[in-house]
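Work through the exercises below with the model open. Try each task before you read its solution.

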Amino acid sequence: TDHENIVVSRDGRVATITLNRPKALNALNHALMTEFVAAAEELDADPEVGCIVVTGSQKAFAAGADIKEMLEQSYADVYVKDWFSAWDRFGALRTPTIAAVSGYALGGGCEVAMMCDIIVAAESAKFGQPEINLGVLPGMGGSQRLTRAVGKAKAMDLILTGRQIGAEEAERSGLVARVVPTEELLDQVGEIASGIAEKSLPAVYAAKEAVQVALESTLTEGIRFERRTFMAAFAFEDRTEGMQAFSEKRAPQFRHR
Ligand code: HXC
C-alpha cells in the first residue's frame with residue numbers, strides 16, 4: 001500500500017489495518033489518523049469485507065496521541081481543526097472491528113481499542129489512560145467508553161491515577177473480551193475475525209447496531225429497537241437460507257444479502 005503510517009492487508013473477507021509508526025510506538029499523530037480513518041471507511045464500504053482487525057506491533061498497539069505534536073497546539077488550533085474528531089467516524093463503522101492488542105495501549109491507544117467492537121489482548125498487553133500525568137484528561141472518548149466498559153470504580157481509578165493494568169486485570173474488569181498467549185495473538189484474532197466475516201453481513205450489521213443501541217438508550221427503547229430489527233431480518237435472503245439450512249441439517253451458504 002502507499003500509506004506511511006499504516007499497513008492494510010486482506011485475507012479473504014478479513015481486512016487488517018496495522019499501525020506502523022515504530023519510531024514513536026505508534027503514537028497517533030494527525031497524519032496517521034487521516035490515513036487510518038480513510039482506509040477504515042474504504043474497507044467498511046466494501047461488502048467483500050466482513051470484519052476489520054486493528055493491530056500494532058508486539059511492543060505497542062499505540063502509546064497514545066502524539067504528545068510532541070500536541071505540545072505545539074493552542075486551544076484555537078485544536079478547536080478550529082476539531083482535533084481527534086475524525087476518530088468518531090471510525091467508531092461509527094458498520095463492519096465489526098476487533099482490536100488485537102499487544103504491548104502498550106495507552107491514552108489514545110486504549111481509546112482506539114475501545115472504539116473497536118471486541119478487544120483481544122495478548123498476555124503482554126498493558127492498558128491505561130495516563131493523560132492525567134500530562135496535565136490533561138482523555139480526549140478521544142476514554143472517560144465515556146472506559147466508564148461504560150468497566151464501571152465507575154475502575155474508570156475513576158485508572159483515569160485519576162494514570163496507572164497501567166495488565167491483560168488479566170483488563171479481562172477481569174470487562175475491558176477485554178479474551179486474553180491469549182502473545183505469540184498466538186494474530187492467529188487467534190484471525191480465526192475470530194474470519195468466523196464473523198463468514199456470517200450473514202446484514203445480520204452482523206444489525207446485531208452490532210443493536211448492541212450499540214444498548215449503550216445509548218433506555219431498556220424499553222432498546223428492546224423495542226431489537227424487536228423491530230429482528231422482525232426486519234425476516235426480509236433478508238440470508239435468514240431464509242439460515243433457517244432452511246438448519247432444517248435440512250446442512251451448513252448455511254450465506255450470500256451476505
Ligand atoms: C509521542 C511518543 C509517545 C507519544 C512514545 N513516544 N509515546 N511520542 N507521543 N504518546 C516516543 C518516545 O518519545 C520515544 O521517541 C519513542 O516513542 C520510544 O518511546 P520510549 O519512551 O523511549 O519507550 P519506553 O521507555 O519503552 O516507554 C514506553 C512508554 C512511554 C511507557 C509507552 O513511551 C510512554 O510513557 N509514552 C507516553 C504514553 C502516554 O502518556 N500516552 C498518552 C498520550 S496523551 P524518541 O524519539 O525519544 O526515541 C493521549 C491523550 C488523547 O493519548 C487525548 C488527550 C487530549
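**Exercise 1. Find which elements supply the shell around the ligand, and which gives the most.**

Solution. Three elements each supply at least two residues of the shell: α2 (67-71), β6 (104-106) and α5 (108-115). Helices (H or I, at least four residues) and strands (E, at least two) are DSSP runs, numbered from the N terminus. Among the elements, α2 gives the most, with 3 residues.

Before going on, note the ground rules. This is a predicted model, where local features need pLDDT of at least 70, side-chain atom pairs count only at pLDDT 80 or more, and totals for chains, interfaces and linings use all residues. Residues are numbered from 1 along each chain as its sequence is written, and side-chain values use heavy atoms, with hydrogens and water left out.

**Exercise 2. Describe the residues around the ligand and their polar contacts.**

Solution. Start with the count: 23 residues are around the ligand. A residue is near a molecule if one of its heavy atoms lies within 4 Å of it. Lys59, Ala63, Ala65, Ile67 and Gly108 come nearest.

Next, sort the shell. It divides into 13 nonpolar, 4 polar and 6 charged residues. Here Ala, Val, Leu, Ile, Met, Phe, Trp, Tyr, Cys and Pro count as nonpolar, Asp, Glu, Lys and Arg as charged, and the others, Gly among them, as polar.

Now take the polar contacts (pairs of N or O atoms within 3.5 Å).
- Lys59: a side-chain N or O atom is 2.7 Å from a ligand oxygen.
- Ala65: a backbone N or O atom is 2.8 Å from a ligand oxygen.
- Gly108: a polar backbone atom is 2.7 Å from a ligand oxygen.

Finish with the area. Alone, the ligand exposes 1000 Å², and the protein buries 65% of that. Accessible areas come from the Shrake-Rupley method with a 1.4 Å probe.

**Exercise 3. Locate Asn26 and Phe84, give their phi, and decide: buried or exposed?**

Solution. Asn26 sits in the loop between β2 (14-19) and α1 (30-44). Its phi is positive, about 60°, although Asn26 is not a glycine. Asn26 counts as buried because its relative accessibility is 2%. Buried means under 20% relative accessible area, exposed over 50%, partly exposed in between (1.4 Å probe, protein chains only).

Phe84 lies in the loop between α3 (75-81) and α4 (86-91). Phi of Phe84 is also positive, near 75°. At 16% relative accessible area, Phe84 is buried.

**Exercise 4. Place Leu137 and decide: buried or exposed?**

Solution. Leu137 is in the loop between β8 (126-128) and α6 (142-150). Its relative accessible area is 59%, so Leu137 is exposed.

Terms used
Polar contact = N/O pair within 3.5 Å; in protein donor to acceptor, adjacent residues only side chain to side chain.
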